[in-house]
Amino acid sequence: GGWVLLQNCHLGLDFMDELLETLLTAEIQNDTFRVWITTEQHPKFPITLLQIAIKFTNEPPQGIRAGLKRTFSGISQDLLNVSNLPMWKPLLYTVAFLHSTVQERRKFGPLGWNIPYEFNSADFTASVQFIQNHLKKIDIKKGISWNTVRYMIGEVQYGGRVTDDYDKRLLNCFARVWFTEHMFDSAFCFYTGYKIPVCKTLEQYFDYIQLLPAMDTPEVFGLHPNADITYQKNTSADVLDTITNIQPKESGGGSGETREAVVYRSAEDMLEKLPPDYVKARLVKMGALNSMNIFLRQEIDRMQKVITVVRTSLNDLKLAIEGTIVMSEASKNLRDALDNMYDARIPQVWRRVSWESSTLGFWFTELLERNAQLSSWIFQGRPKVFWITGFFNPQGFLTAMKQEATRAHKDWALDKVSIHNDVLKQTREEIISPPSEGVYIYGLYLEGAGWDKRRSILVESTPKILFVQLPVLHMFAVDST
């Protein structure tokens with residue numbers, strides 16, 4: 001009737017097969033016997049063992065109310081009464097609120113934290129212990145050393161996990177705004193409706209927490225309301241991806257068009273629109289040693305590779321569907337291409353040599369547009385305005401522009417030249433000639449901010465508009481010596 005606990009089983013995968021055999025063959029006398037195993041996700045973990053098991057996951061609670069409930073359920077009345085100083089309980093509640101906030105921001109992805117950190121109850125316990133010790137040592141006349149409190153929370157206890165500079169700035173900002181003398185003011189609130197309650201018992205805290213909204217707006221965590229749209233969109237995409245991945249891959253018995261017929265028609269359509277291979281002789285005429293032409297050649301080499309891979313796999317896929325070649329397990333790329341093209345997603349072999357995109361249609365349209373920019377550069381001369389997001393290596397393009405400027409000014413040194421930019425008021429269609437120096441670029445978007453064209457400054461995002469396209473930018477090099 002005892003329980004067995006095996007921890008970190010992803011580190012002993014060979015033993016898992018033995019464990020499965022033991023569980024299936026052993027005669028267990030007592031119904032209360034259980035085997036518990038803890039493991040991280042692992043692609044080679046025995047699927048049969050997972051199928052016979054009941055899965056438990058310990059997910060962080062959703063929302064401030066649920067987070068505060070969980071935090072306060074781990075607090076005893078003795079801890080509440082550990083100090084008679086009036087600052088103790090507000091500080092304890094503020095640390096609990098910060099703990100819920102840093103965990104809740106993770107669900108917003110890169111908008112919440114650039115890197116998702118595993119904040120846990122140990123961070124909360126250590127912070128509370130520090131504040132408890134600090135209050136014991138303070139001089140009542142001098143009061144709390146807020147710099148010390150902010151440093152310990154923003155740099156050591158929670159900040160100790162943070163590796164990104166911008167994330168560290170954000171955490172220190174929370175510490176700076178919340179941990180001040182103002183927090184003891186009755187008018188202080190983290191956000192409208194989220195105050196620090198004045199309570200004496202745990203029951204009173206739970207009663208107050210229960211009155212908080214079940215769903216929090218992103219502004220509670222210091223985010224723009226648009227962040228919630230991004231979160232809901234990403235969550236929906238994950239759900240739909242999961243549904244797509246687990247749907248049957250074989251052809252159904254219905255009267256509709258088969259999967260193979262749909263993909264075959266799509267492959268024929270793509271092959272018809274696919275651009276021809278590049279002729280390298282044209283590049284030689286343009287001047288092979290010019291820095292911009294060297295960059296152009298590198299881009300064309302990569303684009304040619306994409307075109308070749310797409311053409312080869314589409315032709316092979318057509319032959320496999322016709323039955324001319326065998327689509328065996330060995331030809332995993334063909335099977336992957338068939339499944340993904342039917343689901344309007346990009347086959348893995350294409351994605352590896354190209355770029356990210358949301359659907360196959362957008363990806364193929366971008367392939368044609370990228371190719372059109374490179375072809376027009378070769379045959380019709382240098383573009384007046386460059387679509388910078390249509391390059392494989394945009395940084396290389398700016399470096400080539402720097403080298404071009406350095407060669408034009410004989411007294412400039414390349415390592416002393418820096419890139420500057422001006423945001424123009426014109427759109428791409430309004431540009432009629434290239435700049436005398438540097439390049440005009442377009443295709444950049446702002447996320448998390450808006451752009452005031454009249455004043456040429458950043459402004460707050462407009463509600464429900466997630467991305468804003470910037471006007472044309474003039475990128476140019478300056479000598480910084």
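Select strands E6 (residues 417–423) and E12 together: they pair in the antiparallel sense over 7 bridges. This is a predicted model.

Zoom in on His420 next. Its bridge partner in E12 is Phe476. Show both residues to see one of the contacts between the strands.

Now add strand E7, residues 439–442. E7 also pairs with E12 in the antiparallel sense, here over 3 bridges. To find a spot where they meet, pick Ile441, which stands opposite Leu473 of E12.

Stay on E12 and select residues 473–479. Is this strand mostly covered or mostly open? It is mostly covered, with 5 of its 7 residues buried.

Move to the start of the chain. Select strand E1, residues 3–6, where Trp3 has its place. Is Trp3 buried or exposed? Trp3 is exposed, because its relative accessible area is 60% and the cut-off for exposed is over 50%.

Keep Trp3 selected and add Leu5, Trp36, Ile54 and Phe56. Switch on the surface. These five residues make a nonpolar surface patch of about 670 Å².

Last stop: select residues 88–227. An unreviewed UniProt entry annotates this stretch as "domain: Dynein heavy chain AAA lid". Colour it by secondary structure. Over residues 88–227 the chain is 51% helix and 4% strand. Then pick the C-alpha atoms at the two ends of the stretch: they are 34 Å apart.

Technical notes
Residues are numbered from 1 along each chain as its sequence is written. This is a predicted model: local features need pLDDT of at least 70, side-chain atom pairs count only at pLDDT 80 or more; totals for chains, interfaces and linings use all residues. Side-chain values use heavy atoms; hydrogens and water are left out. Buried means under 20% relative accessible area, exposed over 50%, partly exposed in between (1.4 Å probe, protein chains only). Two strands pair if DSSP finds at least two bridges between them. Patches are made of residues with over 30% relative accessible area and no salt bridge: like charges are joined within 9 Å, nonpolar side chains (Val, Leu, Ile, Met, Phe, Trp, Tyr) within 5 Å. Accessible areas come from the Shrake-Rupley method with a 1.4 Å probe; for residues, only the protein chains shown count as cover. A salt bridge is a side-chain nitrogen of Lys or Arg within 4 Å of a carboxyl oxygen of Asp or Glu. UniProt positions are given in the numbering used here, feature names are shortened, and annotations may be inferred rather than shown by experiment.
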